[in-house]
Amino acid sequence: MPTMIFVNLAVDDVARSRAFFEALGYSINEGFSDENAVSVVISDTITAMLLTRPFFAEFTRKTIIDATTSTEVQLALSAESKEEVDATYAAALAAGATPAGEQDHGFMYSKSFDDLDGHHWDFVWMDPAAAAGGAPELSVDEMRAGTTVA
């Protein structure tokens, strides 16, 4: 069985978050969803568990950050094509996301947004040859030149 990842994120409104991720085309695992959480199925091995802040707090002793003012993680998901990156990005913005940047280095193309609760998501396409053989070396200046932040 492949290793699975369950990304747990604190959200303010489960119903609003559910509608947002359904607008991006993801399904919901109803068996793990209720008024405190929504289980967003991203793939066979990736699930985003979106938990109300009080419910999330039951699983940690640490302070839960405000993702609209601090970054706890940058979540990057692969796409099959540049067109899929563009379509997902457009759907996210239409559903209320905030643009957070984009990159085009030829071999790698991505667009980023912050979801309704401020969590940072990247959708990335990488040339299969670059993915198999490793990306070409880029200087910090070349990386910055390929990045625009909205």
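**Notes on two helices and the core around them**

1. Let me start at the end of a helix: α3 is followed by Gly96, a residue with a positive phi, near 110°. Please keep in mind that this is a predicted model. Helix α1 has a comparable note to make at its own end, where Gly25 follows with a positive phi near 100°.

2. Now the overall layout. The protein chain has 5 helices and 9 strands, and along the sequence they follow the pattern β-α-β-β-β-α-β-α-β-β-β-α-α-β. Of the 150 residues in the protein chain, 37% are buried. Among contacts with a separation of 6 or more, 53% join residues 24 or more positions apart.

3. Back to α3, which spans residues 82-94. This helix has 13 residues, and the distance from its first C-alpha to its last is 18 Å, close to the 18 Å expected at 1.5 Å a residue. Its buried residues are Val85, Thr88, Tyr89 and Ala92. They cover an arc of only 100° around the axis, so they sit on the same side of α3. The general rule behind such a pattern is that an α-helix has 3.6 residues a turn, so residues three or four places apart point the same way.

4. What lies on either side of α3? The buried residues of α3 are covered by elements that include α1, β6 (98-104), β7 and β8. The face turned away from that buried side carries the exposed residues Glu83 and Ala94.

5. Helix α1 (residues 14-23) can be read in a similar way, with Val14, Ser17, Phe20 and Phe21 buried. Seen down the axis, these residues fall within an arc of 125°, so they line one face of α1. They pack against β1 (5-11), β3 (37-41), β4 (46-52), α3, β7 (108-114) and β8 (120-126). At the N-terminal end, Asp13 acts as a cap for α1: one of its side-chain oxygens lies 3.1 Å from the backbone nitrogen of Ala15.

6. Ser17 deserves a closer look as a polar residue of helix α1. Is Ser17 buried or exposed? With a relative accessible area of 3%, Ser17 falls under the 20% cut-off, so it counts as buried. Leaving aside neighbours within four places in sequence, Ser17 is in contact with Val11, Leu50 and Asp117.

7. Leu50 offers a good view of the surroundings from the other side of that contact. Beyond its neighbours within four places in sequence, Leu50 is in contact with Leu9, Val11, Val14, Ser17, Phe21, Asn36, Ala37, Val38 and Val40. Leu50 is also listed with Phe21, Tyr26, Val40, Phe113 and Trp121 as the residues with the most contacts inside the largest nonpolar core, which has 26 residues. At least two residues of this core come from each of β1, α1, β3, β4, β5 (74-78), α3, β7 and β8. A second, separate core has 5 residues, including Ala10, Ala37, Met49 and Leu51. As general background, nonpolar side chains tend to be buried together in soluble globular proteins.

8. The aromatic residues are worth a moment in the viewer. The count comes to 5 aromatic pairs. In one of them, the ring centres of Phe20 and Phe113 are 6.2 Å apart and the planes stand at 65°; over 60 degrees counts as edge-to-face, so this pair is classed that way. Phe20 belongs to helix α1 and Phe113 to strand β7, so the pair ties together parts that are 93 residues apart in sequence. Both Phe20 and Phe113 are buried. Ring pairs also link Phe20, Phe21, Phe113, Trp121 and Phe123 into a cluster.

9. Strand β7 also holds Ser110. Its relative accessibility is 5%, so Ser110 counts as buried. Setting aside neighbours within four places in sequence, its contacts are Val85, Glu102, Gln103, Phe123 and Val124. Val85 is one of the buried residues of α3, which brings us back to the helix we began with.

10. A last stop is Gln103, in strand β6, which is one of the residues in contact with Ser110. The side chain of Gln103 makes a polar contact with the side chain of His105 at 2.9 Å. How far apart are the C-alpha atoms of Gln103 and Val124? They are separated by 9.0 Å, while the two residues are 21 residues apart along the chain.

Conventions: Residues are numbered from 1 along each chain as its sequence is written. This is a predicted model: local features need pLDDT of at least 70, side-chain atom pairs count only at pLDDT 80 or more; totals for chains, interfaces and linings use all residues. Side-chain values use heavy atoms; hydrogens and water are left out. Buried means under 20% relative accessible area, exposed over 50%, partly exposed in between (1.4 Å probe, protein chains only). Helices (H or I, at least four residues) and strands (E, at least two) are DSSP runs, numbered from the N terminus. The arc is that of the directions from the helix axis to the C-beta atoms. Contact means heavy atoms within 4.5 Å. A polar contact is a pair of N or O atoms within 3.5 Å; within protein, one must be able to donate a hydrogen and the other to accept it, and residues adjacent in sequence count only if both atoms are side-chain atoms. Rings of Phe, Tyr and Trp (its six-membered ring) pair if their centres lie within 6.5 Å; planes under 30 degrees apart count as stacked, over 60 as edge-to-face and the rest as tilted. A nonpolar core is a set of buried Ala, Val, Leu, Ile, Met, Phe, Trp, Tyr and Cys residues joined through side-chain atoms within 4.5 Å. The expected span of a helix is 1.5 Å times one less than its number of residues.
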